[in-house]
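Welcome, and please load the model in your viewer with a cartoon view. We will go from stop to stop, selecting as we go.

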Amino acid sequence: MAFTEAEVLAGLAEIVNEETGLAVETVEASKSFTDDLDIDSISMMTIVVNAEKKFGVKIPDDDVKDLVTVQDAVDYINKAQEA
Amino acid sequence: MTPKVVVTGIGAVTPLGATADATWQAILAGKSGVHTMDNDWSEKYGLAVDFAAQVDPQVVPENLKRVQAKRLDPSSQFALISAREAMADAGLEETDPDRTAVSWATGIGGVWTLLDAWDTLQEEGPRRVMPLTVPMLMPNGPAAAIGMEFKARAGVQTMVSACASSTESLGHAYDVVANGHADIVIAGGSEAAIHPITIASFNSMQALSRRTDSPETASRPYDVDRDGFVMGEGAGTLILETEEHAKARGAKIYAEVSSWGISNDAYHITGGEPGGQYALRAMQSAIDNAELSPADIKHVNAHATSTPVGDIPESLAISQLLGSHVGDALVSATKSMTGHLLGGTGAVESILTVKALQTRTAPPTINIDELDPEVVGINIVRDTPAELPSGDIAAISNSFGFGGHNAVVAFKSV
């Protein structure tokens with residue numbers, strides 16, 4: 001069963017909160033992981049791996065650099081779910 | 001001329017408390033930090049030992065942010081908490097990075113991180129192994145965490161020599177300050193290795209007490225019925241600087257680090273040389289380097305782990321070291337209360353030695369119901385604290401480790 005876009009966003013916010021302690025409401029779609037949320041590459045890898053598990057998708061390492069904003073990640077996961 | 005080196009700050013996370021002062025107060029009250037563990041290891045793995053001296057699990061969440069804690073092995077978490085306390089105690093909010101160093105120690109390193117990662121690999125595959133697994137498990141992880149926190153750019157080093165580790169790191173810190181390589185050294189050691197595997201290993205070599213019916217009395221150095229040591233965990237930090245530097249900034253001074261000594265048994269990987277002659281050599285070297293005489297030594301914090309074979313050679317060595325003055329030196333075996341903090345033990349016992357000199361109070365040794373008749377000559381403080389004499393006095397703190405390592409630090413009152 002596929003997750004809705006809103007569910008993916010909410011789920012990502014929970015993963016970011018778990019990794020960084022940032023409040024879930026600060027994890028908005030338009031925010032940049034590095035510039036706005038101050039997430040470093042190591043936290044980003046942990047977030048990606050946790051997202052893979054939560055949403056049942058694969059996000060190859062080479063694609064992670066393209067996930068600049070939270071919306072990029074939501075879109076990527078939505079597309080990967082359909083595949 | 002070698003400058004005087006002094007201790008200006010202390011910090012500790014131990015089974016007896018979350019701070020150096022809480023630990024010291026518990027020591028004076030003769031409390032045991034040893035308890036039955038709140039886990040299923042005994043049932044699950046059939047371990048013969050179900051008790052240890054553990055740090056209160058609330059200490060880490062109360063002192064570190066969750067994100068920071070997640071990136072540190074428990075041995076680094078304890079290290080950082082104790083270092084922060086010591087730096088605050090020394091009144092060092094800011095230091096010159098180029099003149100600040102770290103001399104740290106651990107016996108085992110990040111064993112929990114390694115073994116948790118192994119479980120993750122088996123159960124969930126390599127993708128789920130945390131990226132920081134290796135930097136978290138490396139033995140220099142605690143030193144690096146402290147170095148980054150306090151911007152210590154004059155060198156960040158880690159001594160690894162089992163249970164002598166953090167006496168060696170303190171000795172090394174003395175050298176760094178005395179030789180002028182840094183103004184401030186954050187020195188100490190940490191360990192967080194209470195794990196079913198370490199318990200199984202130590203138990204297989206018959207090193208651990210199996211007194212499961214009375215864990216609080218299991219660590220009983222010098223008692224005739226002692227049957228092994230009790231695993232502990234935690235960290236201790238001492239801030240070392242030259243007396244001149246400390247006085248210039250108006251710092252309080254706990255005690256002087258006079259010098260230190262080191263030797264090795266080169267005898268057996270776990271068993272100490274039975275005559276204690278190389279333990280004696282390290283003690284002799286410490287007091288010689290410090291230009292002290294046996295008559296100056298009024299207090300000894302003994303290594304005394306409560307193993308049947310370990311306590312006797314050390315007592316013989318102390319007797320030989322002090323000769324006719326042996327009766328004037330009050331000997332305390334504080335592992336009777338703290339358990340054995342392995343790589344953290346030397347630092348915590350040095351803190352207790354420094355507090356003893358500062359307050360003129362030698363800690364008690366608890367649980368000696370019947371003194372082992374083989375322990376002769378040394379003047380053991382039993383049950384309650386004992387007063388140390390006024391005037392200029394000195395003390396030594398002994399640590400011996402698997403691998404034949406012997407390290408001794410000498411302190412003087414101020």
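Before the first stop, a word on terms: two strands count as paired if DSSP finds at least two bridges between them. Keep in mind, too, that this is a predicted model.

Start with chain B and select its strands. Eleven of them make an open sheet of mixed pairing, in the order 5-4-6-7-1-8-15-14-9-10-12. Strand 5 (156-159) and strand 12 (379-380) of chain B are the edges, each pairing on one side only.

Now zoom in on strand 12 of chain B and add strand 10 (residues 330-332): the two pair in the parallel sense over two bridges. Show V331(B) and you will find I380(B) of strand 12 opposite.

Next, select helix 15 (residues 345-359) of chain B, which packs on the sheet. Among the strands this helix touches are strand 1, strand 9 (297-301) and strand 14 of chain B, and its direction makes about 165° with that of strand 14. Then add helix 9 (residues 165-178) of chain B, lying across several strands, including strand 4 (100-105) and strand 8 (255-264), and running at about 120° to strand 8.

Finally, move to chain A and select helix 1 (residues 5-20). Its 16 residues reach 22 Å from first C-alpha to last, close to the expected 22 Å. Which residues of helix 1 of chain A are buried? They are V8(A), G11(A), L12(A), A13(A), I15(A), V16(A), E19(A) and T20(A). Their cover includes helix 2 (41-55) and helix 4 (70-82) of chain A, together with helix 4 (66-70) of chain B. Just after helix 1 of chain A, stop at G21(A), where phi is positive, near 85°.

Methods
Residues numbered from 1 in each chain as written. Chains lettered and ligands numbered in written order. Predicted model: local features only at pLDDT ≥ 70, side-chain atom pairs only at ≥ 80, totals over all residues. Heavy atoms only, no water. Helix = DSSP H or I, 4+ residues; strand = E, 2+ residues; numbered from the N terminus. Contact = heavy atoms within 4.5 Å. Axes fitted to C-alpha atoms, helices over the stretch in contact; angles between N-to-C directions. Expected span 1.5 Å × (residues − 1). Buried < 20%, exposed > 50% of the residue type's maximum accessible area, 1.4 Å probe, protein only.
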